[in-house]
Each structure stands twice: as structure tokens, then as C-alpha cells.
Amino acid sequence: MTDPEPPEGPEGTGEVPAPEEQAQDAVISHVLDQIRGSDTPDVVPAQSTVAEYAEFLAVEAELDRRWPETVMEPSLDRIRTLVEVLGDPQTGYPVVHLTGTNGKTSTSRMVDAILSEIGLRTGRYTSPHLQRATERINLDNRPISPARYVQAYRDVEPFVDLLDAKNEIKLSKFEVLTAMAYSAFADAPVEAGIVEVGLGGRWDATNVVDAKVAVVTPVGLDHAEYLGTDLLGIAREKAGIIKPGSVAVLAAQDKAVAEVLIERCAEVGAQVAREGAEFGVRERELAVGGQRLELQGLSGRYDEIFLPLHGEHQASNAAIALAAAEALVGAGPQQPLDPEAVRAAFASVTSPGRLEPMQGGPGRPTVLIDAAHNPHGARALAAALMSEFRFTRLVGVIGVMRDKDAKGLLEALEPAVHEVVVTMNSSPRAMDPDALAALAVEVFGRDRVSVEPQLAAAIDQGVELAEEAGDSGVGVIVTGSVVTAGEARSIFGKEPA
């Protein structure tokens, strides 16, 4: 019996590829199979080669083997050690740090738009992503390419390996991603960082920054399995991003939550800017494709602002973002921001997955997606649907994570939605659709609930149910989770943004 022939290497040399080359070839082959078998236009992003995208997928697979992002430990020791060996890249630029229960990503994008419009080079770090991990790290108000994402990982990888070898508990995925973002910002270099907390505040990996501006969007109950159900305890956790000498930009809050935040500001000597007092929305009116605003900033009034986003909550986010940008650059009554730059910035804002239209037109139901994933967010979504749209029939396609308050979310949506199709997304954390349906029946009644486990088919069913009411004033809202919204975007062929 003869030995088998060795596999041929490049150019038919008979050389056996190294294991890492074999692994990369396998990933590239997988990507090619995806391209050949996919109807979606975004398997490989336009700015990437197949090999670059394959390496990006390989890096994502490496990161996914780490401690997941949904686990939080009350310690900054590992991330602090990592950024120290990297040379503390997070100290090279002033930072706006954002926490809160909802509105962080939209507000972050607005801050980024303003700072970019006034001429600063920006870096923005947000989470989670809708479709692709590159959305999390932005330079110049745009997601980095898969190739640059890989480079950011390779830059920190030797230091990550070094610390992993020395510690019993390895660095988590979120800790590594955070170091990647801070390092990429320093390498760019950026002139301002906009950083969204991943979970909580005080013990979140992002909190190794000494932020010049700390933003707290509305605080409610979410991530109860990690943060608990004590609202004031959650507020104290989030208040941990407010640092000595910083400016705290605070959204309108429950009175008891506001007291917790103000106490933290007094404790560390932070300046306070409160929505409804030092800044806020002075006027708001609906407009085609969004809303027209007059905002009171820290440095004065800004009128004739068009914001191409829907909902009173987005107007509030705009006021918060304006105050945060003003605080970062030191704008005041004697030196306000350029009003034309502010108008241009807000007019350019997009917030994918936030009441985002997917399709619509004469004779076709309007399909919207929204990443609301807790009762607080669902209430804001329902209010916007009822006040800014005139649906005669609206069908909800809802897929929720099993660790969320699904019944509370359904109850918040019920006044705005005529019937629901319950479904699930591809996450291992997704709630079983039959379990979700049982909750939906309690809220909506049996006649208003359908079940379709496959998201794409559920959207089709939602459209069919909406069409039964005619060809005008009918719509579908796909919601319940960031993952659900992201997968819906992909189904409609939308590129990551």
C-alpha cells in the first residue's frame, strides 16, 4: 500500500500549504460559495477583495470564541492593563462618552455628524452592530473597511495574547473590540472620540476613558439579568461614566434617577447640563421625511433644523447631541457653533434600524424596521407610529431575545399595532416563536396573533395581512431586537451603514 499523494501547493509544486494558509483557503472558499449561492448584493463589501473579506470573517470567528459581550464582570483590570501596554491610546483625543437605556446609538451618530461638519476628524465606537461588525468602529463618520478592521485586530493581537497567557480569565470579545477601537482612533489620528457604553457604565470596558463629556440618555429597565431591576441601582451604575471635571449632559429623567445623577456630578465636581433646563427642544413640527426643529443649545438657539428621522424621542436625542457637541468644543454664548454647520449636520443624519423605511409606494404597504428591544424603546416606537404615520392597518413582525421583557415590549406596542406575526431571528438567544406567541395572545388576543418562525417568511406574511386592508394606509413594522432589525435590513438588500 502506497502513501497517499501530498496535496499540491501553489503552481502545482507539490508543497503542502501551512496550516494557517489551509485555514484561510477554507474561509475564502466559504466566501466564494456564499457569493455564488446568494441573491444579496452585500456578501463581500464593494471596498474589499474576497481575500480581505475572508480574513475579516476569520478574525470575527476568533473573537467569537472569547467571553461573550452579554457577560459583564465588575472589573476594569483586564482592559486597563491592555490599554496600558498599548500606550493608553484612549488618552490621545477628547471623548464624548454615552450611556443610558435607549437612544445612545442615534445620539452618537448625531454628535459625530456635528463634529464632522465643523471640521473635526472623528472616531465613533458603538454597539451592537446591525449587520456587520465594521459598523462599530467609525472614522470620519463612516464604518471602517473589513481590511482596516483586520488591521486593528492585528495591531492589538500580540498584546492580547501576552495578557491571555498571564491571566486565568482571558480578555472578553468586547474588551478586545474596545482596545481595537481606541487604537484605531489613535492611529488615524482622530481629533474627537464618540464612545457608546456597551452595558451599564461603571464597569463597562469603555470606561477606561477619561471623558470630557458624559452623556446619559433616558434611564429605564433593560439587561435586568446583568444590571438587576433596581432602577436607582442601574442609574448609579450608569452614572459611573461621569468623571471629575467633566460636563454631564443629562436627558430628561425620572425624578429619582435625576437625583442619583446629580449626586454623582456633585461628588466628582462635574458641570451639569440638563434637558429642559440648560438645553432642549423648543419647537417641533412634522415634516415630509422627518421633522423640523428649533433647539436650545448651551450656546444659544438653532432654528430651521431638519432632522430626517421620526419620533419625539429623536428630537430629544438631537437636543442632547447638540449640547454634547457644544460641551466638547467649548462653545458658549459668545462663541456658538455655526448655525449652518449644525443644520447641515442634522440634515445628513441617518440612523439605520430606527424607524427606517425598507419599501413602500403606490399600491404597496410601507415596511419599516426598528431596533426597539425593551418596553421603554417600544413605547417610544409606538408613540411615533401613532403620531407621525396614518396607518389604517399596521402589522407587527416581532422577534425578541429570550432574556428581554417580551411581554412588556408587546404591551407597549399593542396600541399602535393591529395584529402581529411572531417570529425569531438567527441568534442563539432568540426567543422561541411559540413561547413568544403565547405571550402575544395574552396581550393581543388569539385572533390578532400569527406565528411564522422564518423571519423572511414572517415579513411576507405581514405584508399579505396588511394588503388585506387595501392598497393605501397599510404598513408593516419589523421590530423586537437589534438582531431582528439587522437581519431584516439584509433581507431587503440594505448595505451596512
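# Questions on a predicted structure

Mentor: Helix H3 is followed by Gly87, whose phi is positive, near 90°. Please keep in mind that this is a predicted model.

Trainee: Which residues of H3 are buried?

Mentor: Arg78, Ile79, Leu82 and Val83 are buried in H3.

Trainee: How do you know that they are on the same side of H3?

Mentor: These residues cover an arc of only 120° plus a little, namely 125°, around the axis, which puts them on the same side of H3. The buried residues of H3 pack against H5 and H6.

Trainee: What is special about the phi of Asp88?

Mentor: Asp88 has a positive phi, near 50°, although Asp88 is a residue other than glycine. Asp88 lies in the loop between helix H3 (77-85) and strand S1 (95-99).

Trainee: Why is Asp88 called partly exposed?

Mentor: The relative accessible area of Asp88 is 28%. Buried would require under 20% and exposed over 50%, so Asp88 counts as partly exposed.

Trainee: Why is Glu304 called exposed?

Mentor: Glu304 has a relative accessible area of 52%. The cut-off for exposed is over 50%, and therefore Glu304 qualifies. Glu304 is placed in strand S11 (residues 301-307), and its phi is also positive, near 55°.

Trainee: How many aromatic pairs are found in the whole structure?

Mentor: The search finds five aromatic pairs. In one of them, Phe56 and Tyr149 lie 5.2 Å apart, centre to centre, with 75° between the planes.

Trainee: What makes Phe56 and Tyr149 an aromatic pair that is edge-to-face?

Mentor: Ring centres must lie within 6.5 Å, and planes over 60 degrees apart count as edge-to-face. With 5.2 Å and 75°, Phe56 and Tyr149 meet both conditions, so the pair is edge-to-face.

Trainee: Which parts does the pair of Phe56 and Tyr149 tie together?

Mentor: Phe56 lies in helix H2 (residues 50-64) and Tyr149 in helix H5 (residues 146-166), so the pair ties together parts that are 93 residues apart in sequence. Tyr53 joins Phe56 and Tyr149 in one aromatic cluster.

Trainee: Why does Phe56 count as buried?

Mentor: Phe56 has 3% relative accessibility, and buried means under 20%. Phe56 is therefore buried. Tyr149, at 0% relative accessibility, counts as buried by that cut-off.

Trainee: What makes Tyr93 and Phe185 an aromatic pair that is edge-to-face?

Mentor: The centres of Tyr93 and Phe185 are 5.9 Å apart, with 75° between the planes. Set against 6.5 Å for pairing and 60 degrees for edge-to-face, these values lead to that name. Tyr93 lies in the loop between H3 and S1 and Phe185 in helix H6, so this pair ties together parts that are 92 residues apart in sequence. Tyr93 and Phe185 are both buried.

Trainee: In what order do the eight strands form the open sheet?

Mentor: The order is S4-S3-S2-S5-S1-S6-S7-S8, and the pairing is mixed.

Trainee: Why are strand S4 (142-143) and strand S8 (271-274) called edge strands?

Mentor: Each of S4 and S8 pairs on one side only.

Trainee: How do you know that S2 and S3 pair?

Mentor: Pairing requires at least two bridges. Three bridges join S2 to S3, so these strands pair, and they run antiparallel. Tyr125 stands opposite Ile137 in S3. H6 packs on the sheet, touching S2, S3 and S5, and its direction makes about 5° with that of S3.

Trainee: Where is Pro128 found?

Mentor: Pro128 is in the loop between strand S2 (122-125) and strand S3 (137-139). The peptide bond from Ser127 to Pro128 is cis, with omega near -10°. The bond from Ala188 to Pro189 is cis too, with omega near -15°. Pro189 has its place in the loop between helix H6 (173-187) and strand S5 (192-196).

Trainee: Which residues are buried in helix H14 (residues 433-444)?

Mentor: Pro433, Leu436, Ala437, Ala440, Val443 and Phe444 are buried there. Their arc around the axis is only 120°, which puts them on the same side of H14. Asp434 and Glu442 are exposed on the other side.

Conventions
Residues numbered from 1 in each chain as written. Predicted model: local features only at pLDDT ≥ 70, side-chain atom pairs only at ≥ 80, totals over all residues. Heavy atoms only, no water. Helix = DSSP H or I, 4+ residues; strand = E, 2+ residues; numbered from the N terminus. Buried < 20%, exposed > 50% of the residue type's maximum accessible area, 1.4 Å probe, protein only. Phe/Tyr/Trp six-rings, centres within 6.5 Å; stacked < 30°, edge-to-face > 60°. Arc of directions from axis to C-beta. Contact = heavy atoms within 4.5 Å. Axes fitted to C-alpha atoms, helices over the stretch in contact; angles between N-to-C directions.
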